[in-house]
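Here is a short report for a reader who is new to this structure. Please look over the sequence and the model first, then read on.

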Amino acid sequence: MGPTRPTREKIKELRVEGITKRFPGIVACDSVDLTIGENEILALVGENGAGKTTLMNILMGLYQPDVGKIFINGRPVQFKGPADAFAAGIGMVHQHFMLVPNMTVAENVALGLKESHTHLRLDLSGVKKRIAEISERYKLPVQPDAYVWQLSVGEQQRVELIKTLCFGARFLILDEPTSALTPQETDDLIVLLRRMASDMSIIFISHKLAEVTALSDKVAILRRGRVVFKGTTAGQTAAGLATLMTGHEVVLPRNEGVDGCGEERLVVQDLCVKSDRGFLALDGVGFSVRSGEILGLAGVSGNGQKELAEALAGLRRVEKGRVSLMGRDLTNRSPREIIDAGLGYIPEDRTNEGIVSSFSIKENLILKDFASPKFSHGIFIKSQEEARNAASLQERFDIRCSSLNSAAGSLSGGNIQKVILARELAREPKALIAVYPTRGLDMGAEEFIHTRLLELRAKGVAIFLISEELDELMNLCDRIAVIFKGKILDILAGREATRPALGLLMAGIRPEAADRAAEPGEKA
Amino acid sequence: MTALTIVLNILSIGIPFSVSLLLASLGEMFNQRAGIFNLGCEGIMSMGAFLGFMCAYSLQNTAMTPYANLMGVLVAGVAGTLLGLLFALVTVTFHAPQGIAGIGLQMLGTGAAGTLFRHFVGGVTGIPGLPNCPIPLLSKVPFIGPVLFNMNILAYLAFLFVPLSSYILFKTPWGLKVRAVGTSPRSADTMAISVQRTRYQALAVGGLFAGIAGAYLSLGQAKMFADDIVAGRGFIAVALVYFGGWDPYRILGGSLLFSIAQSLQLSIQVLGIKFPYEFAVMLPYVLVIVVLAFTRSAVVKGPAELGIPYDREKRI
Ligand SMILES: Nc1ncnc2c1ncn2[C@@H]1O[C@H](COP(=O)(O)OP(=O)(O)O)[C@@H](O)[C@H]1O
Ligand SMILES: [Mg+2]
C-alpha cells in the first residue's frame with residue numbers, strides 16, 4: 001500500500017521507522033525508530049546536536065528524510081510540508097520561536113489559520129475569537145493585539161502554544177520549550193502540559209532531566225543520531241538518564257576551594273545604566289570580584305542582568321558610577337580597550353553576539369585578535385597560524401564539527417558555546433564575565449563548562465557568573481549576589497546560600513540582616 | 001509673476017512628475033516587503049516605456065486607435081509582470097545574489113528597449129499620448145483645481161493605489177503573507193505558507209507596477225520615447241522605498257518631495273535666478289540623501305530578511 005494523504009482521524013499511534021537524515025558531513029538521524037501512543041507523553045532527550053530537532057522537523061514535513069517512513073495508526077503517510085502535518089493534527093512549538101516579530105499576536109495566528117484567508121479582507125475578529133476560546137480552555141492568557149516584539153520570552157512561548165493549538169493540533173511536539181523560561185514559568189508549563197495530556201499526545205524535548213522525570217510516561221534517548229535507549233520513565237533517575245545520554249557518568253563539579261583570597265580585580269561602584277526603553281535598568285549597583293573567586297549574580301532575568309553585562313563589556317553607556325579592572329578605570333571605554341585590559345566576555349545571546357555566524361569556526365576563534373602580531377602581518381592574516389590555533393583549541397575544547405572551515409552558525413548551541421569559551425580562555429583573561437553560559441545546553445556541555453570555569457578560578461581569574469539556575473550558582477560560586485529591579489539586594493556567601501533564601505531575595509523580599517554574614521570587600 | 005503663481009506652477013509640474021516614481025516605488029515596496037530587492041526596476045521601466053510607446057505608436061491611425069493608449073499600458077504591464085517573474089526565477093528559485101541579478105535586469109531592460117526602439121522606430125517621434133482628463137467641478141476650484149484635478153487617468157489611478165496598497169498590505173491575507181515571508185520566512189514556512197510562491201507573486205506585482213510606471217513616462221509624461229527616458233528613476237524608486245519605511249503613504253510623501261524638488265530646480269533655471277545650475281540639479285538627490293540620513297530606520301517595521309534567499313533545509 002502506498003502512502004496515503006493525511007486525514008483528520010484521531011492519532012492513536014504515531015510511529016517512525018528507520019528514519020535517516022544526512023547533512024553535509026554529518027548523519028543527524030541514523031535509523032531512528034520510535035512509537036508514541038494515544039495520550040502519551042514521550043520525553044526525547046539527548047545532547048546538543050544529537051538530532052532531536054532534525055527528527056521533529058521531519059515529523060512536521062519541514063525536512064524530507066533520506067530513508068525511513070512515518071506511520072499514523074499503522075498507515076504510512078508522507079508529509080511534503082507543514083500543511084500536511086497540520087492536516088494530520090500534528091503541531092510543533094519550535095526551539096527557536098517561529099513568530100513574526102513585527103506583527104501582532106492575532107496576525108501571527110492568522111498567518112497559519114487558513115480559514116481566516118477565505119475572504120478579501122483578513123478575518124482577524126474570527127481569529128481573535130478562536131484565540132480567546134483556546135486561551136480560555138487552557139488558561140493561557142495572551143493579548144491578541146500586542147506586537148510580538150513587545151512580549152517577553154515567556155509570553156512568546158505562550159503565543160507559540162496557543163498558535164499551535166489554534167491550528168487544531170491533537171499531537172503536540174515541544175522542542176526545548178523550557179530552555180528560555182524562568183523557573184516559575186517552567187513549573188507552570190509542566191502543570192499545563194500534564195493537564196493537556198488528557199486529550200492529546202505530546203513529545204517533549206528537554207535537557208533538564210528533572211522535568212523529564214516529572215512529566216513524561218516514556219523516554220527515548222538520542223545520541224549522535226541514534227536511539228540508545230527507549231523505555232518507561234518510571235524508575236529512571238536523572239543521573240541514570242544523564243549517563244545514557246552522554247555515554248559516561250556525568251558529575252557536575254563543585255567549587256570546593258577556600259573562599260577567594262586574592263586581590264580585588266573587577267570593581268564596580270554605584271553603577272547606573274539605562275535600558276533600551278530609557279528607564280534606569282541599574283540603579284547604584286556595586287560589587288567587587290577578587291582574583292580566584294567566582295561571584296554569582298542570581299535573579300529573575302530582566303532585572304538588569306543584561307544591562308549590567310553590557311555595561312561591563314563596554315557595549316552600553318554608563319550613566320553614573322565606575323568600573324575598573326586591576327585598578328584601571330574602564331568606565332565607558334571602548335570594547336577594544338576593555339578587551340585589551342584583560343576582560344573576557346561570554347555573552348547571553350551566543351549566536352548573535354558571541355560569534356559571527358557566517359564566518360568559519362577558525363575565523364571566529366581569532367575574532368578578538370586578528371589584528372595582533374600573533375595572527376597578522378599588518379594587513380594579511382597569518383592563515384597557518386590561524387589554522388594551527390584553531391586545531392589546538394578544537395582539541396582542548398572538544399569542539400565537534402565537520403570542518404574548522406565550516407560556518408560557526410551551523411554548529412549546535414553547545415559547540416558554539418565551546419568556540420566562544422575557547423576564544424575567551426585562550427586569551428588568558430584577568431577577569432571573565434559569563435552570562436547564562438549553560439542556558440539551553442545539555443548536561444555534558446554543562447559539566448564541561450563548569451569544569452573549565454573552576455579551572456580558571458584555580459588559576460586566579462576573577463569570574464562574574466550571571467545565571468538563573470540556582471544549582472549552578474550554588475555549585476560554583478564563592479559568593480552569590482542577588483539582583484532585583486536593578487539593585488543588588490544582598491550578597492550571600494556561597495556555602496550559606498540556600499534555595500529558599502535565594503528564592504526570597506530573587507522575588508525582592510529582603511530578609512532581616514540577622515541571618516547573613518557580613519561580606520568582606522562588599523559595598524553596603 | 002507672483003509668488004503664488006510660481007508655487008502653483010512648480011506644483012503643477014512636480015505632482016505629475018511624481019506619478020512614475022510613485023508607481024515604481026509602490027511596486028518595489030511589495031518586492032521588498034516580501035524580502036527581495038529588485039534593482040532591475042529601472043530596466044523594467046525602460047521596457048514598459050518602450051512597449052507602451054510602441055503599442056500606441058503602431059496602433060495610430062488603425063481601427064484600434066481609440067484603444068491605443070490602453071493597449072500600451074496593458075502590454076507594458078504584462079511585460080513588467082513577466083520580467084518580475086524572470087527576476088523571481090533567478091533570485092528565488094536559483095538563489096542568485098539579488099544586487100547582481102538586479103543590475104543585470106536593469107542592463108537587459110534598458111539595452112533591449114533602446115535597441116528595439118532604434119530597430120523599429122529610429123528617430124524621435126511624438127505620439128498623442130494620454131490626454132488629461134479634468135475632473136468636472138473639482139478642476140474648476142481656484143488655485144488647487146488645475147494643479148490636482150487636471151491630470152491623466154493613470155495619474156489618478158496611481159494616487160488611488162496608495163490607500164489600496166496599504167489595504168492590501170495590512171488588511172488582506174495576501175498582504176499578511178507578503179509581510180511574513182519578508183520578515184521571517186522560516187516562521188512563515190512552519191505555518192504552511194509557501195515562501196517561494198509568495199515571493200514570486202510579490203515580484204510579479206512589483207514588475208506590473210514598474211512596467212506601468214514606465215508606460216506612464218512615455219505615454220503620459222514625455223509622449224515620446226528616448227533611450228534615457230527613465231533616467232535613473234528606477235533607482236530613485238528603490239531609494240524611496242527605504243525613505244518611506246516600506247509604508248505606502250510615506251512613499252507617496254517621498255515621491256512628492258523628490259518630484260517637487262525636481263520641478264523647483266527646473267523653475268530656478270527657467271526663471272534665471274542666479275544660482276549655479278549644477279547645484280540646482282543636485283538639489284533633489286541631496287534632499288533625498290539628507291532626509292534618509294535623518295529618518296530613523298524602521299527596523300522593527302521593515303522586512304528583516306531583505307535580500308536573503310530562503311532555503312528550508314539550510315540553517316543559516
Ligand atoms: N539544516 C542543517 N544543515 C546542516 N546541518 C544541520 C542542519 N540542521 C542540523 N544540522 C546538524 O545536524 C545535527 C543535529 O542537529 P539538531 O537536530 O539541531 O540537534 P539537537 O536538536 O538534538 O540539538 C547537528 O550536528 C547539526 O549541526
Ligand atoms: Mg534542537
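Which residue of chain A meets the side chain of Glu313(B) in a salt bridge? The partner is Lys21(A), with N and O 2.7 Å apart. Keep in mind that this is a predicted model.

**Where the two chains meet**

That salt bridge belongs to a broader contact between chain B and chain A. The count of salt bridges between the two chains is 2. Polar contacts add to the picture: 9 residue pairs are counted between chain B and chain A, both residues of each pair at pLDDT 80 or more.

Three helices of chain B each bring at least two residues to the side that touches chain A. They are helix H6 (153-171), helix H7 (173-183) and helix H8 (185-190). H7(B) has the largest share of that side, with 6 residues. Sorted by class, the side of chain B that touches chain A holds 11 nonpolar, 6 polar and 9 charged residues.

How many residues of each chain take part? The contact involves 26 residues of chain B and 41 residues of chain A. Together the two chains bury about 2,600 Å² between them. Carbon and sulfur atoms give 63% of that area. Within chain B, Leu176(B), Met191(B) and Glu313(B) lose the most area to chain A. Those three account together for 25% of what the chain B side buries. Glu313(B) is thus named twice: for its lost area, and for its salt bridge with Lys21(A).

**The ligand site**

Ligand 1 has 16 residues around it. Those that come nearest are Gly49(A), Lys52(A), Thr53(A), Thr54(A) and Arg315(B). Why is the site shared between chains? Residues from both chain A and chain B surround ligand 1, so the site is a shared one.

Three residues of chain A place a polar atom by an oxygen atom of ligand 1. The table lists them.

| Residue | Atom of the residue | Distance to an oxygen atom of ligand 1 |
|---|---|---|
| Gly49(A) | polar backbone atom | 2.7 Å |
| Ala50(A) | backbone N or O atom | 3.2 Å |
| Thr54(A) | polar side-chain atom | 2.5 Å |

Gly49(A) and Ala50(A) use backbone atoms here. Thr54(A) uses its side chain.

**Domains of chain A**

The domain assignment divides chain A into four parts. Domain 1 covers 1-89 + 172-178 + 200-247, and domain 2 covers 96-169. Domain 3 covers 255-342 + 429-524, and domain 4 covers 354-426.

Take domain 3 and domain 4 of chain A. Their C-alpha centres lie 27 Å apart. In the contact, 11 residues of domain 3 of chain A meet 11 residues of domain 4 of chain A. The two domains bury about 940 Å² between them, with 76% of it on carbon and sulfur atoms.

What of charge pairs and polar pairs across this interface? The rule finds 0 salt bridges between domain 3 and domain 4 of chain A. It does find 2 residue pairs in polar contact, both residues at pLDDT 80 or more. On the domain 3 side, helix H10 (335-340) and helix H15 (443-458) of chain A each supply at least two residues. H15(A) gives the most to that side, with 4 residues. The domain 3 side that touches domain 4 of chain A has 9 nonpolar residues, no polar ones and 2 charged ones.

**Salt bridges overall**

Over all chains, the count comes to 40 salt bridges. One of the salt bridges joins Glu38(A) and Lys10(A), with the closest N and O atoms 3.8 Å apart. This pair links distant parts of the chain, 28 residues apart. Glu38(A) sits in the loop between strand S2 (26-37) and strand S3 (41-46) of chain A. Lys10(A) lies in the segment before strand S1 (13-23) of chain A.

Note on methods. Residues are numbered from 1 along each chain as its sequence is written. Chains are lettered from A and ligands numbered from 1 in the order in which they are written. This is a predicted model: local features need pLDDT of at least 70, side-chain atom pairs count only at pLDDT 80 or more; totals for chains, interfaces and linings use all residues. Side-chain values use heavy atoms; hydrogens and water are left out. Domain bounds come from an automatic or database domain assignment. Contact means heavy atoms within 4.5 Å. Buried area is the accessible area (1.4 Å probe) that two parts lose on being put together, summed over both. A salt bridge is a side-chain nitrogen of Lys or Arg within 4 Å of a carboxyl oxygen of Asp or Glu. A polar contact is a pair of N or O atoms within 3.5 Å; within protein, one must be able to donate a hydrogen and the other to accept it, and residues adjacent in sequence count only if both atoms are side-chain atoms. Ala, Val, Leu, Ile, Met, Phe, Trp, Tyr, Cys and Pro count as nonpolar, Asp, Glu, Lys and Arg as charged, and the others, Gly among them, as polar. A residue is near a molecule or strand if one of its heavy atoms lies within 4 Å of it.
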